[in-house]
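Okay, thanks everyone, let me get the model up on the screen. I'll start with a single residue and work outwards from there.

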Amino acid sequence: RFGGGVAAQTRILTDSHLPLKIRPEEFYQVRRKPEEMSRKELVRYVDNLRMAGLPYNWHNVRIYRKASAAVLSIIFTVIALPVGLVVPVRGGVPLGVGFSMVFTLVFWSAFSLCLSLGYSGLIPAIAAAWAAQLAFLTLGLGMLLMVRRPRLI
């Protein structure tokens, strides 16, 4: 007990029961960071944040970002095919590398912009994670359809 800002009385408790709703085992559980969670764990975490009335946009975007990041290799392959079919064999390597650097820079900028808009809540989480992927997949398919006469080695 305290009185006037100082300890007025102390008592040593040897065996007492406290009205805690948490079991002692739960104190030893390590809580994982949201970046380390699986999709299922992250969905549960976002639901808990939403029910508690806490901000959850950032984590909600990350749920969809995990799935959209898995598709990046397919999208870059679809973009690389028309570039590889059109660029000439002689002297085409620097041109191909230049195209790939420009596409990567533009894609990453668009992807980061969409994610930032989603994190702030200006666009829905699913749109934030997939808008750049869909735009560049459409661009790649359009470029692939426009290839008239592919270069064959």
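So, which residues does Gln-133 touch, not counting residues up to four places away in sequence? Keep in mind as we go that this is a predicted model. The answer is Ser-68, Ala-69, Leu-72, Ile-75, Phe-107 and Phe-111. Gln-133 itself sits in helix α6, which covers residues 125-146. Is Gln-133 buried or exposed? The cut-off for buried is under 20% relative accessible area. Gln-133 comes out at 1%, so it counts as buried.

Let me zoom out for a second. We've got six helices and two strands here. Reading from the N terminus, the order is β-β-α-α-α-α-α-α, with the strands ahead of the helices. There are 153 residues, and 22% of them are buried. The exposed surface is about 11,800 Å², and carbon and sulfur atoms supply 65% of that. And if you take contacts between residues at least 6 apart in sequence, 63% of those join residues at least 24 apart.

Right, back to Gln-133, and to the helix pairs it belongs to. Start with α4, residues 72-86, against α6. Their axes are 8 Å apart, at an angle of about 25°. Angles under 35 degrees count as roughly parallel, so α4 is roughly parallel to α6. The crossing of this pair is left-handed. On the α4 side, the contact uses Leu-72, Ile-75, Val-78, Ile-79, Leu-81, Pro-82, Val-83 and Leu-85. On the α6 side, you'll find Gln-133 again, along with Phe-136, Leu-137, Gly-140, Leu-141, Met-143 and Leu-144. Sort those by class and you get 13 nonpolar residues, two polar and no charged ones.

Now rotate to α3 with α6. What angle do α3 and α6 pack at? It's about 30°, with the axes 7 Å apart. So α3 and α6 are roughly parallel to each other as well. Here, though, α3 passes α6 in a right-handed crossing. The α3 residues involved are Asn-60, Val-61, Tyr-64, Arg-65, Ala-67, Ser-68 and Ala-69. They meet Ala-125, Ile-126, Ala-128, Ala-129, Trp-130 and, once more, Gln-133 in α6. By class, this contact has nine nonpolar, three polar and one charged residues. So Gln-133 is part of the α3 contact and part of the α4 contact too.

While we're on α3, have a look at Val-61, which lies in that helix. Its relative accessibility is 0%, so Val-61 counts as buried. What is Val-61 in contact with, leaving aside its neighbours within four places in sequence? That would be Leu-115, Gly-118, Tyr-119, Ala-125, Ala-128 and Ala-129. Take Leu-115 from that list: Val-61 and Leu-115 are 54 residues apart along the chain, yet their C-alpha atoms are separated by 7.2 Å.

Next, turn to where α3 meets α2. Helix α2 is residues 39-52, α3 is residues 57-69, and their axes come within 9 Å, crossing at roughly 160°. Over 145 degrees counts as roughly antiparallel, and α2 and α3 therefore fall into that group. α2 passes α3 in a left-handed crossing. From α2 we have Arg-39, Leu-42, Val-43, Tyr-45, Val-46, Leu-49 and Arg-50, and from α3 we have His-59, Asn-60, Arg-62, Ile-63 and Lys-66. The class count for α2 with α3 is six nonpolar, two polar and four charged residues.

His-59 is worth clicking on. It's in helix α3, and with a relative accessible area of 12%, His-59 is buried. Leaving aside neighbours within four places in sequence, His-59 is in contact with Leu-42, Tyr-45, Val-46 and Leu-49, as well as Pro-34.

One last stop: Ser-38. Where is Ser-38 found? It's in the loop between α1, residues 24-27, and α2. At 35% relative accessible area, Ser-38 is partly exposed. Its C-alpha is 8.9 Å from that of Ile-63, with the two positions 25 residues apart in sequence numbering.

That's my tour, so over to you for questions.

Conventions: Residues numbered from 1 in each chain as written. Predicted model: local features only at pLDDT ≥ 70, side-chain atom pairs only at ≥ 80, totals over all residues. Heavy atoms only, no water. Helix = DSSP H or I, 4+ residues; strand = E, 2+ residues; numbered from the N terminus. Buried < 20%, exposed > 50% of the residue type's maximum accessible area, 1.4 Å probe, protein only. Contact = heavy atoms within 4.5 Å. Areas by Shrake-Rupley, 256 points an atom, 1.4 Å probe, with all protein chains shown as cover. Axes fitted to C-alpha atoms, helices over the stretch in contact; angles between N-to-C directions. Parallel < 35°, antiparallel > 145°, perpendicular 65-115°, else oblique. Left-handed = near helix turned anticlockwise from the far one by under 90°. Nonpolar A, V, L, I, M, F, W, Y, C, P; charged D, E, K, R; others polar.
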